[in-house]
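Here is a short briefing on one protein model. It covers nonpolar packing, surface character and charge pairing.

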Amino acid sequence: MTLFWVFGTLGAVLVMPVAWTWFGWAFSEERTDECRALAAGTSMGGYGALLGLVPLIVVYAIGAVVLWSTAAAGKRTRSSAVGHVLVVMIAGTAIGIAVAQFLLAGQLFVGGAAAASCLI
């Protein structure tokens, strides 16, 4: 049971802020380089999804498996384990988004290449 809370706390306080900030940086890179890419005859479309969204999904999947396995090992009932995992994942998401919004000056959900305003 203690291991569940150790992993849950580390995930919520360290892993999720890094994952959400990485997600924001990937889409910011896509948005800011789209004009140069268009001028070169290509596009940055998909860069944010490939280097930001995919790692975020992987982090969530690994986190869910680790939390589920430690919750189940703590001899909880299935519904109790699911509830604990959901609460920790939701709290981690809220912390991660808040930290990323702060570090990215509120630009986390601005958009990718489609949000670029290029004058070509």
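The points below are grouped by topic. The model is predicted. Its largest nonpolar core has nine residues, a nonpolar patch of about 800 Å² lies on the surface, and the structure holds one salt bridge.

**Nonpolar cores**
- The largest core is built from Met16, Ala19, Trp20, Phe23, Phe27, Leu56, Ala100, Leu104 and Leu108.
- Helix 1, residues 2-39, supplies the largest share of this core, with five residues.
- Another core lies apart from it and has seven residues. Among them are Phe4, Leu67, Val85 and Met89.

**Nonpolar surface patch**
- Trp22, Trp25, Tyr47, Leu50, Leu51, Val54, Val58 and Ile62 make up the patch.
- Helix 1 and helix 2 (47-73) each contribute at least two residues to the patch.
- Helix 2 gives the most, with six residues.
- Trp22 sits in helix 1. Its relative accessible area is 49%, so Trp22 counts as partly exposed, the cut-off for exposed being over 50%.

**Salt bridge**
- Side chains of opposite charge can pair when their charged atoms come close.
- Here the side chains of Arg36 and Asp33 meet in a salt bridge, at 2.2 Å from N to O.
- Arg36 and Asp33 are three residues apart in helix 1, so about one helical turn separates them.
- The two partners can be set side by side: Arg36 is exposed, with a relative accessible area of 58%, whereas Asp33 is buried, at 15%.

Note on methods. Residues numbered from 1 in each chain as written. Predicted model: local features only at pLDDT ≥ 70, side-chain atom pairs only at ≥ 80, totals over all residues. Heavy atoms only, no water. Core = buried A, V, L, I, M, F, W, Y, C linked by side-chain atoms within 4.5 Å. Buried < 20%, exposed > 50% of the residue type's maximum accessible area, 1.4 Å probe, protein only. Helix = DSSP H or I, 4+ residues; strand = E, 2+ residues; numbered from the N terminus. Patch = residues over 30% accessible without salt bridge, like charges linked within 9 Å, V, L, I, M, F, W, Y side chains within 5 Å. Areas by Shrake-Rupley, 256 points an atom, 1.4 Å probe, with all protein chains shown as cover. Salt bridge = Lys/Arg side-chain N within 4 Å of Asp/Glu carboxyl O.
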